[in-house]
Amino acid sequence: MGLDSTTETTAARAKPGRERREVARRLGARLALAGRLGESTTTVVGLSIVVFWVAMAVLAPVIAPYPPNATDVAAAGHPTPSAAHWLGTDHLGRDILSRLLWGARRVLTVAPIAVLSAAAVGTVLGLCAGYFRGVIDLVISRIADILLSFPVIILYMIVLAMFGSSALNIVLVIAVTKAPIIARIVRGLTLDLRNREYVAAAKMRGESALYIMFVEILPNARGPLIVDMCLRMGYTTITIGVLGFLGIGLPPPDPDWGGMVKDTYGMMSVWPHMSLIPCAAISSIVVGFNLLAIGLRETALRE
Amino acid sequence: MSEETPVLGLERVRLSYKLRAGEIVVAPDLSFRIARGEALGLVGESGSGKSTVAFAIMRYLGPLGRIAGGRILFEGKDIAAMGEAELRSIRGRRIAMVYQDPMSSLNPVMTIGRQLMEVPMLHEGVGAEEARRRALAMLVEVNFADPPAIMARYPHQLSGGQQQRIVIAMALIGKPALLIMDEPTTGLDVTVEAAVLALVQELRRKYDTALLFISHNLGTVAQVCDRLVVIYGGEIVEEGRIGDVFRSPSHPYTRGLLDCLPRLGRSKHEMPLRPIPGRPASPLARPSGCGFAPRCAHSEPGRCTVSAISSVELPGGGGHFVRCVKAAELGPWRQERGAAAIHAEGKAAAVLVHTEDLAKRYGQSGGVFGRKGAPVRALNGIDLELERGETLAIVGESGCGKSTFARVLSGLEVASEGRAALDGEEIGARPVEARPAALKRKLQMVFQNPESTLNPSHAAGYSVARASRRLRGLAAAEAWQEAERLLSVVGLSPELARRKPSQLSGGQKQRVAIARALAGEPEAVIADEPVSSLDASVQAAIVNLLSEIQSARGLSLVFISHDLAVVRYLADHVAVMYLGKVVEFGTVDAVFAPPFHPYTEALLSAVPEPDPERHGARIILEGSLPSAIDVPQGCPFASRCHRKIGAICETMPPPTQRLAEGHRIVCHIPAAELRSAEAGEAQAMRP
């Protein structure tokens with residue numbers, strides 16, 4: 001937030017010595033916050049799972065034993081885990097571990113971008129609806145209701161079938177369907193926060209509506225918002241998996257966890273590992289984000 | 001005191017909380033006793049450990065708190081050694097507790113009747129018939145006119161005062177030996193408070209119940225209790241019969257508490273309030289020796305700060321104990337009378353704010369079908385003037401429209417009718433967004449709630465600096481320096497500008513809010529109950545600050561309050577509001593002396609004064625404020641008035657009687673008649 005940085009620049013111009021002290025104090029506060037997060041086992045476990053997957057995604061090109069789409073015809077006959085293929089291969093002889101790592105890379109790029117886009121749109125709409133109320137609220141809330149009343153999967157299928165399933169389209173379609181949920185949350189928080197006395201004080205000194213929404217109200221809504229975004233990340237991972245499973249996900253042949261399940265679920269009775277391993281990957285990342293969200297909420301409540 | 005077993009006896013009790021940082025001792029060594037039927041007041045600032053003591057007696061300290069030593073004897077049995085089953089048989093039945101917020105003690109989904117009946121059914125195993133009979137009888141005891149109707153209601157259908165009476169009924173229905181009341185009247189209006197206190201007084205006599213009455217308000221304690229314990233930092237600093245303690249308070253802390261209390265007979269020109277310097281002791285850093293020494297004007301390094309001070313009985317007997325090594329040297333206590341300060345007589349009275357027939361209705365635009373309900377009439381024609389450099393106080397019970405008036409003047413709401421002018425410019429119909437910057441600058445506001453007045457996400461100095469930038473066009477760096485300067489004006493260290501509000505105390509936050517209001521160099525400041533949620537000593541400091549700033553800057557102040565003692569102290573003019581109307585207006589001396597409007601009279605008589613000798617002839621208002629949806633045709637106060645003269649009060653709007661010096665009373669009774677009737681009663685009230 002650009003407007004929020006005014007205090008820092010003011011401080012910087014005022015006195016350099018003080019600024020240094022201020023930086024040290026802020027750093028101290030950040031560290032204390034990190035320390036407090038460490039107090040909650042839930043947060044630590046959730047964060048570890050998420051960090052694990054992020055590390056895997058970042059390091060995939062380095063640590064993946066094979067290229068994601070390389071087929072090992074010899075292994076295809078015996079796809080179960082072996083010394084050459086730790087997690088086995090799929091029916092085409094592609095290394096599951098490598099595909100899992102490369103798949104993490106895709107999921108962890110698309111999901112955050114989609115959630116952040118949804119949050120950006122939802123936050124702006126929610127702030128406007130909650131702050132201005134009246135007609136603006138009515139229009140925004142009804143549009144949100146309409147979007148939320150749609151069966152999302154059918155919506156996804158229609159849109160992606162019409163416009164093709166590229167990463168960009170998936171981000172857009174997720175942003176459009178998740179934004180109303182976030183807008184509702186932000187609207188509720190804003191309806192409460194707009195009546196705080198510091199908002200009245202801001203009006204008394206003639207601040208603009210934009211300033212009040214983004215500088216006075218939004219920072220106080222960020223706690224619940226961050227928690228919700230964590231949850232939303234988990235759900236979005238599932239959504240991307242479902243889209244992949246339905247064959248309208250990220251385009252093949254590059255690996256995508258949902259797609260991996262789709263390709264192999266027919267072999268479930270013979271070689272269950274081909275489907276179960278990507279399923280477990282999806283579950284673990286969802287659990288990770290959920291635990292993180294719960295932990296953050298607990299920490300926020302305790303304060 | 002008799003030699004029989006006291007109802008409650010604390011013997012060298014040590015209370016502590018176990019935190020990650022280690023053990024925090026809330027009360028190191030606490031001993032007191034309450035005899036059968038006796039009322040003991042427990043007084044101290046917030047954080048002094050009062051509530052912890054109450055919870056310890058109920059053994060409700062939570063997973064972290066514990067009774068680390070000593071014995072808490074209830075009717076001779078140690079509560080700390082009891083098993084869960086035994087505790088359950090005592091809690092609620094033999095010891096009952098009434099908390100500050102009645103709504104949190106009542107179950108919102110159960111009718112009042114069921115909640116009341118549950119107590120004897122659960123504790124004594126009586127049948128539903130018997131329980132119902134008792135509940136009805138109890139409701140009569142707590143002054144409900146129609147018990148069967150009340151039994152069928154849900155808690156949210158009752159007013160705050162009624163809820164608290166229900167909670168008292170629930171506490172007393174089991175005929176407990178000990179009743180603990182923790183700030184039972186803090187959230188209530190003074191008229192309601194007076195009624196609740198009178199009820200407590202009457203019932204505890206009738207049921208012979210011992211009472212532990214916890215309060216930060218010496219006034220309410222003086223009304224209810226027989227004996228008083230003053231607690232500071234978890235230590236009893238003074239103990240004695242209520243008359244003895246109030247007549248000759250002997251610990252510097254007790255004296256400090258009395259000195260910082262505004263009283264009805266006290267104005268800023270005669271007796272300035274003297275706040276206790278410093279902040280309450282933190283249980284984390286206990287000084288050796290006297291806990292109060294760091295804030296005490298009499299403390300002597302060698303004597304007060306070395307070893308623990310023991311409590312000594314004062315000569316004259318009567319069980320008056322003081323924990324102060326210098327108690328004998330302090331000399332007799334006299335309420336300080338300051339030099340008659342700056343009393344600007346005969347100043348040029350130029351009107352700054354002027355309202356005429358100002359009204360505010362909130363339309364109840366209901367439903368999809370455009371059906372409009374009756375509007376809520378929050379303001380019903382207000383005519384007031386605020387002169388330059390003076391303080392206009394607006395008093396009244398909650399719901400009388402005083403906050404709405406403040407919001408209309410400040411432009412946060414727009415008037416529905418009538419006019420309001422600031423320095424000749426119309427402001428009533430202009431929301432703050434539509435006011436030009438020069439006009440915004442002239443009028444600023446200090447809000448009620450210190451917890452929400454500052455944005456928790458920004459540093460404390462941020463909004464002060466921002467106000468200087470917006471209202472005076474200062475550059476960012478200048479504005480920040482100005483903010484630090486303003487913080488020192490309101491008595492804060494400029495360093496605090498960079499702290500987050502969560503690191504400040506309530507009083508400090510309210511000071512920052514005052515600095516913010518001053519940032520635009522306004523001509524008038526509206527303060528909406530700025531001190532009502534603060535401790536007495538902090539309140540005194542803030543009230544003094546407002547008064548100093550006002551005289552130093554020639555500021556006009558609109559001070560909204562329900563606390564008549566503070567108003568008496570601070571105001572030049574007073575407007576008494578009832579149901580959206582001003583029923584009396586005049587100089588502070590005129591309003592606080594007969595002739596009164598009957599409502600003013602009732603308000604004044606309800607104020608709990610810290611004077612145990614003042615008893616009797618209180619006017620208890622019946623019923624509650626009529627709804628602002630259907631405002632009575634005649635006098636708004638007619639439904640509760642103790643001086644109603646007949647049908648005329650209900651059918652005809654009362655005339656405005658103009659008396660000397662702009663004193664106005666809106667009442668059917670001629671002022672001369674009011675004067676003679678009220679003067680007689682005021683005599684009776686103060687023998």
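This report describes the confidence, domains, sheets and chain contacts of a predicted model.

**Confidence and domains**

The predicted model as a whole scores ipTM 0.81 and pTM 0.82, and chain B averages a pLDDT of 85, with 93% of its residues at 70 or above. A stretch of chain B that calls for caution is 338-346, where the pLDDT is below 50 and where the model shows eight contacts beyond near neighbours in sequence. The domain assignment of chain B divides it into domain 1 (1-94 + 177-189 + 208-332), domain 2 (351-522) and domain 3 (593-685). Between the C-alpha centres of domain 1 and domain 2 of chain B the separation is 39 Å.

**Two open sheets of chain B**

One open sheet of chain B has eight strands in the order β6-β7-β8-β3-β9-β10-β12-β11, with mixed pairing. Because β6 (95-98) and β11 (312-313) of chain B stand at the edges with a single partner strand each, one side of each is left without a neighbour in the sheet. At the β11 end, β11(B) pairs in the antiparallel sense with β12 (residues 321-322) of chain B over two bridges, and Val312(B) has Val322(B) of β12(B) as its bridge partner. At the other edge, helix α7 (residues 160-172) of chain B lies across β6 and β7 (178-182) of chain B, and this helix runs at about 175 degrees to β6(B).

Another open sheet of eight strands in chain B follows the order β18-β19-β20-β15-β21-β22-β24-β23, again with mixed pairing. Its edge strands are β18 and β23 (656-658) of chain B, each of which pairs on one side only, while the twist from one strand to the next averages 20 degrees. Within this sheet, strands β22 (residues 581-587) and β24 (residues 664-666) of chain B run antiparallel and are joined by two bridges, with Glu584(B) standing opposite Ile665(B) of β24(B). Helix α18 (residues 506-518) of chain B lies across β18 and β19 (524-528) of chain B, with a direction at about 175 degrees to that of β18(B).

**Antiparallel pairs in chain B**

Strand β1 (residues 8-19) of chain B pairs with β4 (residues 65-74) of chain B and with β2 (residues 22-34) of chain B. The table sets out these pairs together with an example of facing residues in each.

| Strand pair | Bridges | Facing residues |
|---|---|---|
| β1(B) and β4(B), antiparallel | eight bridges | Ser16(B) opposite Arg66(B) |
| β1(B) and β2(B), antiparallel | nine bridges | Leu19(B) opposite Gly22(B) |

**Contacts between chains B and A**

Across the interface, 29 residues of chain B are in contact with 20 residues of chain A. On the side of chain B that touches chain A, at least two residues come from each of α14 (437-442), β18 (443-446), α15 (450-453), α16 (460-472) and α17 (476-489) of chain B. Among these elements α16(B) gives the most, with six residues. By residue class, the side of chain B that touches chain A divides into 14 nonpolar, nine polar and six charged residues. Strand β18(B) thus appears both among the contributors to this side and as an edge strand of its sheet.

**A helix of chain A**

In chain A, helix α7 (residues 152-163) has 12 residues and reaches 16 Å from its first C-alpha to its last, which is close to the 16 Å expected at 1.5 Å a residue. Just after α7(A) comes Gly164(A), which takes a positive phi of about 85 degrees.

Methods: Residues are numbered from 1 along each chain as its sequence is written. Chains are lettered from A and ligands numbered from 1 in the order in which they are written. This is a predicted model: local features need pLDDT of at least 70, side-chain atom pairs count only at pLDDT 80 or more; totals for chains, interfaces and linings use all residues. Domain bounds come from an automatic or database domain assignment. Two strands pair if DSSP finds at least two bridges between them. Helices (H or I, at least four residues) and strands (E, at least two) are DSSP runs, numbered from the N terminus. Two residues are in contact if their C-beta atoms, placed from the backbone, lie within 7 Å. Axes are lines fitted to C-alpha atoms, for helices over the stretch in contact, and angles run from 0 to 180 degrees between N-to-C directions. Ala, Val, Leu, Ile, Met, Phe, Trp, Tyr, Cys and Pro count as nonpolar, Asp, Glu, Lys and Arg as charged, and the others, Gly among them, as polar. pLDDT is the predictor's confidence in each residue, from 0 to 100. The expected span of a helix is 1.5 Å times one less than its number of residues.
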